[in-house]
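Q: Give me a close look at the salt bridges, please. I'd like to know where they sit and what surrounds them.

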Amino acid sequence: MSEAALLSEPAPSAAVSAEAFEDLYRRAFPRVYAYVATLLRDRSAAEEVTAQAFERAYRKRRTFKPGRGSPEAWLFGIARNAALDELRRSKRRAALEAEPEDAAAPAADDQAEQAVRRQTVRSALMALEPHERDLVALKFSGGLSNAEIARVIDASESNAGTRLHRVIEKLRKACDVDA
Amino acid sequence: MSTPDTFTELLREELTPAPDPDFAAEMDDWAAAGFPHRDDRDREAGRRPSTAGWLDRATRALRSPFGTAATGTAVAVAIVALLIAVSPDQATQDQGSSAGGGGGGGGVAESAPQLRGGGSDAGDSVTASPAPAPAGGIAPGQRDRKIERAAQLTLGAPADEFQSVADRIVQTTDRHNGFVLRSQLSTGDSPSGDFQLRIPAGELQAALRDLSALADVRARSDSGQDVTREYLSVTDSLQAARAERRALLRRLATAVDDGRMQRLRDRLDANARELNGLRAQVRDLRERTNYASVSVSLVEGNGDSGGAGGTSKALDDSLGLLLGSFNWLLRALGVLIPVGVVGGAAWAAARTIRRRRREAVLF
């Protein structure tokens, strides 16, 4: 049975729905957190909003309609609303929190080169407008398809794809120029 | 961990901050517990529950597009229910207006369903209209009221049953000690019948009940006119005229002068004319109040001559009820549909505004 079907299945299979939701949580939690953290640029707020998003989604899981998009799109829609509400409340405009993990230490030359590249990308991301950052966060943090992004931002798939393409091209150009 | 060597990989790496391990562990525990409410979780952890309590959640729900639309719809429905509850009963109004309305086309169509009960039920259910005050006063305090009553009845029967129904009208009149003042019966292409009956006032309701059972009642009305004041006035005048006559006769008996005797005779003649006129008025009033005037019109129709209980009547009643319910539903829909459209538009507008307001932080 598909996840969408499991989520939409009403009681008495509530346990199945809860189980399906837990599967969705395990698969999407890191991505939801990454997306929210990228949007808010505040780890503490991102944790609160992520928990809030999953709580809301769990409470609303019976309202999910498979015909209106994937469970991920639905979940990211809820997370996005929660994040935007938080942004509106706090008016946060902090810098991106993304801190690269250096678990595997590369060679010295590679490390320097990577640091430059990383700084370039980071600067390019910082220069993005909030709505552009929202798009790339949905794509790269959330790992959503263009169709799912379209569903989340309430636009057509082609429109979402076009806007995303423009933002990536903008980033690419910024990185090339800076490089 | 492989080194990111492409722009996209680097971008993805930059945009995927990992959650704090403690937070991830807390979330995993929460998920394993079946996502209990966070207030409960806070209580278990000894923390104060979130300020977003039930009141806050209710306020948020009311402010949501759905909440706004639901609240608006609920208010509209309450208003509609209130209007329906306080509006005067249309059926009662129709019944009131049909009484005394004669046998006109509209009157027949409106009053027939209310009178279809037929038989004794119909007779008992219809009461005479309150007697209106006659011109010149109502003679308060008079216990023996003089009421002039009249009733109109329109019966529908198949053409081939006209004669039979007409015979039974006469028989019914006789049975109630009444009489037929005038009658007219036509058969053929356009059959019709009219009967002017006089029924003793005390027998009126029973007679009407029996007449109503003879055929399909198309229309029926009763009316009453209080003529007590007029009756008292005429009888008083009659007594005065009689007293005057007695006085004139006494004076005539003692008169010796021819001229005086002639004048008294002339006055007695005038008094006699007055007395005759007053006696005629009293007789007329007594006849009008002792006997009710009943007008029965017989028209062609497919009614059940057997009175109440016919299948056709039952079907008519059912249809009437159905139409009544349908009319009520139409009235309700006439209000609810516009309210629903406005509510839906408001919901859509509120949803769009809320989304734009929420996304405004991105622009």
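A: First, the yardstick for burial: a residue is buried under 20% relative accessible area, exposed over 50%, and partly exposed in between, using a 1.4 Å probe and protein chains only. This is a predicted model, with local features needing pLDDT of at least 70 and side-chain atom pairs counted only at pLDDT 80 or more, while totals for chains, interfaces and linings use all residues. Residues are numbered from 1 along each chain as its sequence is written, chains are lettered from A and ligands numbered from 1 in the order in which they are written, and side-chain values use heavy atoms, with hydrogens and water left out.

Now the charges. Side chains of opposite charge can pair when their charged atoms come close. The cut-off here is a side-chain nitrogen of Lys or Arg within 4 Å of a carboxyl oxygen of Asp or Glu. By that rule the structure holds 22 salt bridges over all chains.

Start inside chain A, with the pair A:R27 and A:E72, whose closest N and O atoms are 2.9 Å apart. This bridge ties together distant parts of the chain: A:R27 belongs to helix α2 (residues 14-40) of chain A and A:E72 to helix α4 (residues 71-90) of chain A, 45 residues apart. (Helices are DSSP runs of H or I with at least four residues, strands are runs of E with at least two, and both are numbered from the N terminus.) The two ends sit in unlike surroundings: A:R27 is partly exposed at 37% relative accessible area, whereas A:E72 is buried at 11%.

Another pair in chain A stays local. A:R172 and A:E169 meet at 3.8 Å, N to O. They are 3 residues apart in helix α8 (residues 157-178) of chain A, which means about one helical turn separates them. That spacing suits a helix, because an α-helix has 3.6 residues a turn, so residues three or four places apart point the same way. A:R172 is partly exposed at 31%, and A:E169 also counts as partly exposed, at 29%. Elsewhere, salt bridges that share partners gather A:R80, A:D134, A:D154, B:R355 and B:E359 into one network.

Then there's the interface. Between chain A and chain B the rule finds 7 salt bridges. One of them joins A:D85 to B:R358, again with closest N and O atoms 2.9 Å apart; the pair crosses from helix α4 of chain A to helix α13 (residues 311-359) of chain B. Both ends are tucked away: A:D85 is buried at 9% relative accessibility, and B:R358 is buried at 9% too.

A:R118 forms a bridge with B:E14, at 3.6 Å between the closest N and O atoms. B:E14 is one of the buried residues of helix α1 (residues 7-14) of chain B, along with B:F7, B:L10, B:L11 and B:E13. Those residues cover an arc of only 165 degrees around the axis, so they lie on the same side of α1(B); the arc is taken from the directions from the helix axis to the C-beta atoms.

What do these bridges sit among? In total, 51 residues of chain A are in contact with 36 residues of chain B, where contact means heavy atoms within 4.5 Å. The two chains bury about 4,300 Å² between them, 62% of it on carbon and sulfur atoms. That area is the accessible area (1.4 Å probe) that two parts lose on being put together, summed over both.

As for the chains behind the bridges, chain A has 8 helices and 0 strands. Of its 179 residues, 49% count as buried. Among contacts in chain A with a separation of 6 or more, 65% come from residues 24 or more positions apart.

Chain B brings in a sheet. Its 5 strands form an open, mixed sheet in the order β2-β3-β5-β1-β4, with two strands taken as paired if DSSP finds at least two bridges between them. β2 (179-186) and β4 (216-226) of chain B stand at the edges with a single partner strand each, so one side of each has no neighbour in the sheet. β1 (residues 147-157) of chain B runs antiparallel to β4(B), joined by 10 bridges; B:T154 has B:A219 as its bridge partner in β4(B).
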